[in-house]
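Biologist: Please take a close look at a single part of this model and describe its surroundings. One connected account will do.

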Amino acid sequence: MDRFLEELPMGLGMALANNPVAMNYFMGMSADEQRQFVEGTHQIRSKAEMQHYVNSLTGNIK
């Protein structure tokens, strides 16, 4: 799991760091759920879109 987290896309890692609640939620997901979530980032093209995607983990959409 640690190796997987080291390989997170930089934008996703930064967005998770900006939302500790979402980070904790992400860390509690199974490895398969985390991989699916990461795969969902491949179409994201902006910082704002990434933050919105991460915020959606906890229903905290700004």
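**Tyr-53 and its surroundings**

Modeller: The secondary structure of the protein chain consists of five helices and zero strands, where helices (H or I, at least four residues) and strands (E, at least two) are DSSP runs numbered from the N terminus. In sequence order the pattern is α-α-α-α-α. The model is predicted, so local features need pLDDT of at least 70 and side-chain atom pairs count only at pLDDT 80 or more, while totals for chains, interfaces and linings use all residues. Residues are numbered from 1 along each chain as its sequence is written, and side-chain values use heavy atoms, with hydrogens and water left out.

Some totals for the chain come before the close look. Of the 62 residues in the protein chain, 31% are buried; buried means under 20% relative accessible area, exposed over 50%, and partly exposed in between (1.4 Å probe, protein chains only). The chain exposes about 4300 Å², of which carbon and sulfur atoms supply 53%; accessible areas come from the Shrake-Rupley method with a 1.4 Å probe, and for residues only the protein chains shown count as cover. Among contacts with a separation of 6 or more, 54% join residues 24 or more positions apart, a contact being heavy atoms within 4.5 Å.

The part chosen is Tyr-53, in helix H5 (residues 47–55). Tyr-53 counts as partly exposed because its relative accessibility is 21%. Not counting residues up to four places away in sequence, Tyr-53 touches Gln-36, Phe-37, Gly-40, Thr-41 and Ile-44. For one of these, Gly-40, the C-alpha to C-alpha distance to Tyr-53 is 8.6 Å, at 13 residues apart in sequence.

The helix that carries Tyr-53 has Met-50, Gln-51, Val-54 and Asn-55 buried. These four span an arc of only 135° around the axis, so they lie on the same side of H5; the arc is that of the directions from the helix axis to the C-beta atoms. Cover for the buried residues of H5 includes helix H2 (10–17), helix H3 (20–28) and helix H4 (31–39).

In H4, the buried residues are Gln-34, Phe-37 and Val-38. Their arc around the axis is only 100°, so they share the same side of H4. Asp-32, Gln-36 and Glu-39 are exposed on the other side of H4.

Phe-37 also belongs to the aromatic part of the picture. Two aromatic pairs are found in a search of the whole structure. In the pair of Phe-37 and Tyr-53, the ring centres are 4.2 Å apart and the planes are at 15°, so the pair is stacked. Rings of Phe, Tyr and Trp (its six-membered ring) pair if their centres lie within 6.5 Å; planes under 30 degrees apart count as stacked, over 60 as edge-to-face and the rest as tilted. Because Phe-37 lies in H4 and Tyr-53 in H5, the pair ties together parts that are 16 residues apart in sequence. Phe-37 counts as buried because its relative accessibility is 8%. Phe-26, Phe-37 and Tyr-53 form one aromatic cluster.

Thr-41, also touched by Tyr-53, is found in the loop between H4 and H5. With a relative accessible area of 6%, Thr-41 is buried. Leaving aside neighbours within four places in sequence, Thr-41 is in contact with Pro-9, Leu-12, Met-50 and Tyr-53. Thr-41 and Gly-11 are 30 residues apart in sequence, with 9.1 Å between their C-alpha atoms.
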